[in-house]
Amino acid sequence: GTGALRPRLGAASARGATIACWAFVSQAKELTTPMIDPKLLRQDPEGVAANLARRGVEFDAAAYRELDARRRELQQQTQELQSERNRRSKEIGAAKRRGEDIEPLKAEVSDIGDRLSEAEQALASVQEELEQWHLGLPNLLDEQVPDGEDETANAELRQWGGIPALDFRPRDHVELGELMDGMDFEAATRIAGSRFVTLRGELARLHRALTQFMLDLHAGEHDYEEVYVPYLVNARALTGTGQLPKFEADLFKVDHDPPFYLAPTGEVPVTNLVQDCIVEDAELPLRLVCHTPCFRSEAGSYGQDTRGMIRQHQFEKVELVQITRPHESWDALEALTGHAETVLRRLGLPYRVVSLCGGDIGFSAARTYDLEVWLPAQERYREISSCSNFTDFQARRMQARWRNPETGKPEPAHTLNGSGLAVGRCLVAVLENYQEADGRVQVPEALVPYMGGKRVLGA
């Protein structure tokens with residue numbers, strides 16, 4: 001992990017206030033940095049192991065303690081050999097000025113150099129092994145996360161909206177889309193393959209209307225700053241938010257040198273806006289909203305949700321990201337979740353909020369709330385948004401910091417994100433919840449202005 005740091009000139013937030021960002025001059029590998037608080041890992045590895053066990057993750061505390069002790073031993077040995085070599089090198093110069101035979105000293109320095117090289121190689125090997133430990137460890141769970149192995153143990157927190165009592169057999173969104181001649185999976189398969197869709201006419205406009213409605217709501221009422229970001233991201237960005245190295249199979253990799261990846265979620269490029277940055281206290285919290293396409297290989301989902309738009313390789317979201325002071329992040333999670341809920345309430349879509357259990361929560365999250373919308377055709381709630389607090393986990397991986405005014409020193413910030421909402425799934429929910437017996441679909445009142453005044457689809 002080498003490479004000097006230099007200021008990235010002109011780096012600033014979109015509101016105009018300066019954020020100190022740094023770019024690596026060298027393309028060399030970054031320094032190993034524990035993704036979990038290093039003091040906690042060293043002082044209480046058994047406590048870390050107990051926490052990770054709630055996820056079903058095994059952490060060998062004794063092996064980690066032994067490896068870290070070996071690292072410290074090799075670091076000390078390397079430093080001592082470096083000091084000894086420098087001291088002996090100075091002695092060579094002094095002996096040479098006195099006219100003494102310096103060959104014995106040169107041989108001794110050469111021997112020290114050989115031992116130093118061996119120690120440095122051993123240290124590099126141990127550091128590489130430690131880095132794999134660090135990158136493979138998920139975030140620690142907050143104490144309020146429910147225990148459990150899978151989604152059946154998720155805890156329902158609240159429900160909103162009455163489940164519609166339809167006096168006819170509800171069609172699913174695929175049937176409704178076909179009736180309107182606006183949803184075509186066969187054409188998408190000819191163009192790209194399975195798990196894609198094409199939308200036309202009213203449905204294409206509804207998809208756009210949902211996106212614009214969400215952006216306007218969050219930017220206009222919830223004080224989020226709209227941003228536009230790349231759709232291609234590099235490995236460092238994905239490592240920063242936790243998708244790499246563990247979940248590479250879920251990504252679409254682009255043949256390029258160095259490689260690019262299609263962003264699997266807007267969380268990656270938007271959160272990485274503070275990569276290698278020090279955010280001044282006065283700028284916090286940062287609230288960012290972004291409309292992004294998302295691309296996922298859906299590895300491991302063979303046979304799941306093969307019908308319709310629920311699980312696709314390409315979909316769109318309106319992403320909400322917050323960067324906060326550490327002591328404010330839990331309140332921020334409640335607020336962010338409420339912002340996502342507002343979309344569903346304005347659209348009149350029944351939903352519930354669940355707290356994910358230890359066995360179902362994402363790799364980087366300390367606590368996650370899922371918003372699940374009711375789908376009449378499936379007669380069940382389906383996820384439409386995940387809202388998570390990652391505490392300092394992503395910030396450590398990204399080197400995203402804030403300057404604590406009490407100490408004047410940079411410290412890891414806290415990061416949060418949530419979908420506000422997944423656009424395609426929201427379209428599915430609108431179609432199914434607002435359908436009529438003849439296959440027509442009422443337009444939610446909040447979307448009428450975005451649909452040019454149109455109130456009924458398929459009419």
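Here are five short exercises on this predicted model, each with a worked solution.

Before you start, note that residues are numbered from 1 along each chain as its sequence is written. Because this is a predicted model, local features need pLDDT of at least 70 and side-chain atom pairs count only at pLDDT 80 or more, while totals for chains, interfaces and linings use all residues; side-chain values use heavy atoms, with hydrogens and water left out.

**Exercise 1. Get an overview of the chain.**

How many helices and strands does the chain have?

Step 1: The chain has 12 helices and 20 strands. Helices (H or I, at least four residues) and strands (E, at least two) are DSSP runs, numbered from the N terminus.

Step 2: Along its principal axes, the C-alpha trace spans about 105 × 50 × 45 Å.

Step 3: Of the 459 residues, 48% are buried. Buried means under 20% relative accessible area, exposed over 50%, and partly exposed in between (1.4 Å probe, protein chains only).

**Exercise 2. Check the length of helix H7.**

What span should helix H7 have at 1.5 Å a residue?

Step 1: The expected span of a helix is 1.5 Å times one less than its number of residues.

Step 2: Helix H7 covers residues 201-220, which is 20 residues, so the expected span is 28 Å.

Step 3: The end C-alpha atoms of H7 are 28 Å apart, in agreement with that value.

**Exercise 3. Look closely at His 207.**

Is His 207 buried or exposed?

Step 1: Find His 207 in helix H7.

Step 2: The relative accessibility of His 207 is 14%, so His 207 counts as buried. Other buried residues in H7 include Leu 203, Phe 213 and His 218.

Step 3: Leaving aside residues up to four places away in sequence, His 207 touches Leu 199, Glu 316, Val 423, Gly 424 and Leu 427. A contact means heavy atoms within 4.5 Å.

**Exercise 4. Trace the sheet of eight strands.**

Which strands stand at the edges of this sheet?

Step 1: Write down the order, E3-E13-E14-E15-E18-E12-E11-E6; the sheet is open and its pairing is mixed.

Step 2: Strand E3 (155-160) and strand E6 (225-226) stand at the edges with a single partner strand each, so one side of each has no neighbour in the sheet. Two strands pair if DSSP finds at least two bridges between them.

Step 3: E3 pairs with strand E13 (residues 351-355) in the antiparallel sense over five bridges. Within this pair, Glu 156 stands opposite Val 354 in E13.

Step 4: Now add two helices. Helix H10 (residues 329-346) runs at about 5° to E18, and helix H12 (residues 423-433) runs at about 40° to E18. Axes are lines fitted to C-alpha atoms, for helices over the stretch in contact, and angles run from 0 to 180 degrees between N-to-C directions.

**Exercise 5. Explore the largest nonpolar core.**

Which residues touch the most other members of this core?

Step 1: A nonpolar core is a set of buried Ala, Val, Leu, Ile, Met, Phe, Trp, Tyr and Cys residues joined through side-chain atoms within 4.5 Å.

Step 2: The largest core has 50 residues, and Leu 206, Leu 210, Met 214, Leu 431 and Leu 457 touch the most other members. H7 gives the most to this core, with eight residues.

Step 3: Not counting residues up to four places away in sequence, Leu 210 touches Leu 347, Val 423, Cys 426, Leu 427, Val 430 and Leu 447.

Step 4: A second, separate core has 19 residues, among them Leu 52, Phe 59, Leu 67 and Phe 393.
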